[in-house]
Amino acid sequence: VVSLIGLCLPVSLCFTCCSRSTPAVRVAANDNRRDQLSIMFINGFRWVITACAIISISTSQQDVLRQFAERVVGTDAASHIEFQLLPGDEVKNGLHSFKYSTVDGKLIISGDSISAVTAGLGWYLKYNANVHISWSGDQKDSITNGTLPIVLEPVVKKRTVPMSYYMNVCTFSYSTVWWDWARWERELDWMALNGINTPLALTGQEFVWRRVFVENFGMKREELDEFFTGPAFLSWHRMGNLRKWGGPLSDKWIDKQKGLQQQIVARARSLGMKVILPAFAGHVPEAAKRIWPDANIQPASKWNGFQRAYTNVFMVQPDSPVFTAIGKAFVQEMVKIYGTDHLYNADTFNEIAPTSLDHSYLANTASSTLKSMAAGDPDAIWVMQAWLFTDTYTWTESNIKAYLSGVLDDKLIILDLFSEVRPFYNRKQAYYGKSWVFNMLHNFGGNHGLYGRAQIIATAPYEAISKSTGKMIGYGIAPEGIEQNYVMYELMLEAAWRDAPIDLDTWFNKFCLRRYGGESANHDATVAWKTLRETVYNSDDYQTSVTKSIAVLQPALYYEKTPFMNPVPFYEPAKLLEAWWHLLKCAPQFSNKPTYRYDLVDVTRQVLSNLLLQVLGSVADAFAIKDLDLLKQHGNTFTEILANMDRILGSDPQWLLWNWIEGAMSASADEPVAVRENFIFNAKNLITLWGPHGEIEDYASKQWSGLIDEYYLPRWRLFFDMVIASTANKQKLDMNDFLHKSYKLSLKWQKAKTEKLKKRIEGDSVAISQELFDKYYGLASNAMPITRCRVDDIFVLDAEPVGAVA
C-alpha cells in the first residue's frame with residue numbers, strides 16, 4: 001500500500017498543477033487492495049483519500065489509452081501492450097521521458113507523462129515494429145497478425161525541449177475546415193504518436209463570439225453576418241484580415257462546430273495535450289460602434305487588395321476599456337464551454353499595419369491583449385505567431401522591442417513560424433527574454449510540390465537550442481496546409497526527442513523501409529528516396545517555400561525563378577527521373593501499398609510538372625519566330641501533358657478534387673439549399689480565385705484530378721488559342737483580354753454543378769505511371785533550359801495578377 005501511495009501522490013500533484021483533465025494510467029491495484037485502502041481510511045489514515053482518487057481516475061484513463069492503442073494497432077495487438085505512468089517528481093523543466101521494453105511477451109511502455117507514453121508507442125512503432133502511420137497512408141504489415149515485434153534492448157528517450165507545437169491559424173482553412181470527428185480523431189492519434197503536446201485548437205470559436213456579442217452585449221444576430229466570413233475563410237477573419245467574404249455562417253453550422261470542438265479538446269487533453277484556445281485580439285463587428293459609441297474603434301488597414309466591404313476590419317484601440325471588457329467576456333465564455341489549459345492565441349497585427357508606430361501605443365496594445373485574457377483567466381499565457389515581424393519595414397528592432405515590452409516575460413510564448421528559412425529569433429535578440437518555439441512552416445496555401453530543406457531540419461534545431469541566448473522552449477510544425485511532403489514533418493517532429501544532428505542517410509533509409517514495409521530494405525526504394533533527398537528535399541537557400549507548378553498558375557509564355565512558390569526546379573529535373581524509374585521497379589513488391597502508390601503518383605506528377613516548363617520553352621521559341629505549325633504542335637503537347645497529369649492523379653483516392661468538395665457538402669448536408677451551395681462556393685473559391693476578383697488568385701491552388709481537367713486545362717487551352725490566333729493574325733498578344741476571359745472562365749466554374757466531378761479513382765496508378773514514363777522519358781531526360789522562364793513574385797502583397805506578355 002505504501003508503494004501504491006508513493007506512485008499516486010506525484011500523479012495527484014500533476015492533476016493539481018497542470019490540468020484537471022490530465023490523464024493518469026495503469027496503477028497496479030486489485031479488489032483486495034481497494035479493500036485494504038478502505039479499512040485504512042476507516043482507521044483514520046486520511047492521506048489514503050488521495051490514493052483512492054487516483055485509483056478511480058487511473059482506471060478511467062487506462063481505458064482511454066487502451067482505446068487509443070486499439071485505434072492505432074488494432075484490438076489484438078493492443079492486448080499485448082501495457083502502459084505505466086511513472087512518478088513525475090524528478091521531471092525538470094518539462095523534459096518528460098519514456099521507456100519501453102518487452103517483458104514476458106508484453107510491450108511495457110512507461111513514461112512520466114501521458115504525452116510521453118503515447119510518444120513512446122509512436123517511437124516503438126517506427127523504430128522497432130517498422131510501422132508507418134501518416135497523412136498519405138499507413139503500412140502495418142508487421143502487426144497485422146495481432147502480434148508485436150519483440151524489443152531486444154530497452155529503449156529510453158527524453159525530451160530536449162518541453163513543447164511540441166502543431167498547426168498554423170491558416171491550417172484551419174486550407175486543410176481542416178471540412179473535417180468531421182472521424183478525421184479529427186485520426187489526426188489527434190497521429191499527434192499523440194508523434195509527441196505533439198501543444199496543438200492550436202481554434203474550431204468552434206464563432207459560437208463563443210455569437211454568444212458574447214449577441215447575448216452579452218446586445219448586438220443583433222444579423223449584424224454578425226457583416227463580420228463572419230464563410231467557413232473556408234475564417235482563418236483570416238480570426239486574424240482581423242477579412243470580414244463577410246464567403247458568408248454568412250449558418251447558426252446550425254456554428255452549433256455543430258461547438259460540439260466538434262468539445263470533442264477535439266476533450267480527446268486532446270485525455271491524451272496528455274494542452275490545447276491553445278483563441279482569445280480576443282481587438283477585432284470587432286462594425287456594429288460595435290453602435291454598442292459603444294464613445295469607444296475608440298477604428299478600421300484596420302486594407303489586406304491583400306480586397307475592397308473595403310471585405311477588409312478594413314474594425315478594431316478596438318488599446319486605450320479603450322471596451323477592449324478588456326470584450327476580451328474578458330470572450331475568455332470566460334470560452335473557458336465555460338471548452339475548459340482551459342491557460343494558453344491563448346491572439347494575432348492583432350497579422351499582415352495589417354498598426355494604427356501607430358509610437359512605442360507607447362505598441363506596448364499598450366500588447367499589454368491590453370494580455371490584460372483582456374487575464375481578466376477572464378488570471379493564469380492566461382499569450383501564444384503569438386511571430387509572422388507579423390516578417391514585415392521588416394514596419395517591425396524594426398526598436399518597434400519589436402517596444403511591442404514585446406508590454407508583456408511580462410513569463411506571460412508570452414512566441415511562435416517563430418519560419419525558423420527553417422527566416423529565423424527571427426537570432427536577429428531580434430532572442431525576442432528580448434520571451435519564450436519562443438522553433439517551427440518549420442514549409443508549406444503555403446496547401447500547395448503540392450515536392451520540396452524540403454532536410455539538411456536544415458537535420459541540424460538547425462540543435463544549433464538553435466545550443467546557440468540561442470533566448471528562452472527556446474519547443475519545436476513545432478506550422479504549415480499553412482498539410483497532407484503533402486510528409487517526410488519533412490516527421491523529420492522535424494523527432495527533434496524534440498533528439499539531442500544531436502541527424503544523419504540523413506541513415507534516417508531516410510529507415511523512413512523508406514517503414515513507409516513501404518518489408519523484412520529488409522528494397523534496393524530500388526532506397527535509391528529512389530536517396531535521390532529524392534538529394535534533389536527535392538535538398539533545397540538551396542534561395543527557395544523559401546513549397547515548389548509551385550505552372551499547371552496551376554495563371555498562363556504566360558515566360559516564367560522566372562523566384563524565392564517564394566518557385567515554379568522552376570532548384571535541382572536538375574532530369575535527376576528526378578531516376579527516382580521515378582527506381583520507384584517503378586519497386587512495383588512488384590509494393591504495388592498494394594497505399595503509401596507506395598501515393599509516392600509513385602506524387603513523383604510522376606512532379607516530373608510532368610517540370611516537363612511543362614520545358615515544353616513551354618518550346619512554345620515561347622515558336623511564338624518568337626512566329627512559326628504557327630510549331631506553336632500548335634508544342635501547345636498540343638503541353639495540354640496533353642496536363643491531361644495525363646489529371647489521369648495519374650485520378651488513379652489514387654488521395655488526389656481527387658472530389659474529397660474537398662464532398663467535405664463541403666457533408667459539412668452542410670442538413671442545411672438549406674442556399675447554404676449548401678455557398679459551402680461549395682467557399683471550397684471552390686479558396687483554391688482558385690481566392691476572393692471576388694482574384695485578389696490572391698492561385699495562391700492556394702491544388703494539383704488534384706478533377707481540378708486539372710475541369711479548371712486549369714480549359715484555362716491553358718484558352719491561352720494557347722489566343723496565342724495561336726494572335727500569331728496567325730500577326731497581332732500582338734493581348735494579355736489583358738486573356739485575363740478578362742480567364743476570369744469569366746473562373747466565375748463560370750465556381751458556379752458549375754458538381755455532378756460531373758470524378759468521385760472515384762480511374763485506372764491503375766502503376767500502369768499509368770509506367771505508360772507515362774515510357775512516353776515522356778526521352779523528352780524529360782534532355783537538358784532543360786528552364787532558368788530563362790519568368791513568373792511574377794506572387795508573395796508581394798497587392799501584386800497584380802500573375803501573367804506576362806511575351
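The paragraphs below lead through a predicted model, from the chain as a whole to its core, one helix, its cavities and some backbone details.

The chain contains 29 helices and 17 strands, and of its 806 residues 61% count as buried. If one takes the contacts between residues at least 6 apart in sequence, 77% of them join residues at least 24 apart. In soluble globular proteins, nonpolar side chains tend to be buried together. Here the largest nonpolar core has 267 residues, and within this core Phe 389, Tyr 403 and Trp 690 touch the most other members. The largest share of the core comes from α23, which supplies 15 residues.

Phe 389 offers a way into this core. With neighbours within four places in sequence left aside, Phe 389 is in contact with Met 384, Trp 395, Ile 400, Tyr 403, Leu 404, Phe 424 and Tyr 431. Trp 395, which is on that list, is also touched by Pro 354, whose other contacts, not counting residues up to four places away in sequence, are Phe 349, Tyr 361, Leu 362 and Thr 394. Pro 354 itself is in the loop between β13 and α13 (359-376), and it is counted as buried because its relative accessible area is 10%, where the cut-off is under 20%. Although Pro 354 and Ala 300 are 54 residues apart along the chain, their C-alpha atoms are separated by 7.7 Å.

The helix α20 (523-534) can be followed in similar detail. At 1.5 Å a residue its twelve residues should span 16 Å, and since the C-alpha atoms at its ends are 17 Å apart, the model agrees with that expectation. The buried residues of α20 are Asp 524, Ala 525, Thr 526, Ala 528, Trp 529, Thr 531, Leu 532 and Arg 533. These buried residues pack against a set of helices made up of α18, α19 (504-516), α21 (573-585), α22 (587-590) and α23. An α-helix has 3.6 residues a turn, so residues three or four places apart point the same way. In α20 the buried set includes Ala 525, Ala 528 and Leu 532, which can be traced along the helix with that rule in mind.

The packing also leaves enclosed space, and a search of the whole structure finds twelve cavities of 30 Å³ or more. The largest has a volume of about 190 Å³ and is lined by 17 residues, with Gln 205, Trp 209, Arg 238, Met 239 and Ala 279 lying nearest its centre. Two elements, α8 (205-216) and α9 (234-238), give two or more residues to this lining, and α8 gives the most, with three residues. By class, the lining of the largest cavity divides into ten nonpolar, four polar and three charged residues.

The second largest cavity has a volume of about 130 Å³, and among the 16 residues that line it the closest to its centre are Arg 515, Trp 529, Tyr 537, Asp 599 and Asp 602. The elements that contribute two or more residues to its lining are α18 (486-493), α20 and α23 (594-624), of which α23 gives the most, with four residues. Nine nonpolar, three polar and four charged residues make up the lining of this second cavity. Trp 529, one of the residues closest to the cavity centre, is also one of the buried residues of α20.

Some backbone details remain. Most residues other than glycine have a negative phi, and most peptide bonds are trans. Against that background, a cis peptide bond joins Gly 247 and Pro 248, with omega at about 5 degrees, and Pro 248 has its place in the loop between α9 and α10 (251-270). Asn 130, which is not a glycine, has a positive phi of about 60 degrees and lies in the loop between α5 (114-127) and β4 (132-134). His 342 likewise has a positive phi, near 70 degrees, and is found in the loop between α12 (321-338) and β13 (343-345). Are these two residues buried or partly exposed? Because its relative accessibility is 18%, Asn 130 counts as buried, whereas His 342, at 24%, counts as partly exposed, the dividing value being 20%.

Technical notes. Residues numbered from 1 in each chain as written. Predicted model: local features only at pLDDT ≥ 70, side-chain atom pairs only at ≥ 80, totals over all residues. Heavy atoms only, no water. 1 Å grid on protein atoms, 1.4 Å probe; cavity = no way out; pocket = protein on both sides within 12 Å on 5 of 7 lines; lining within 4 Å. Points joined across faces, edges and corners; volume = space filled by probe spheres on them. Nonpolar A, V, L, I, M, F, W, Y, C, P; charged D, E, K, R; others polar. Core = buried A, V, L, I, M, F, W, Y, C linked by side-chain atoms within 4.5 Å. Buried < 20%, exposed > 50% of the residue type's maximum accessible area, 1.4 Å probe, protein only. Contact = heavy atoms within 4.5 Å. Expected span 1.5 Å × (residues − 1).
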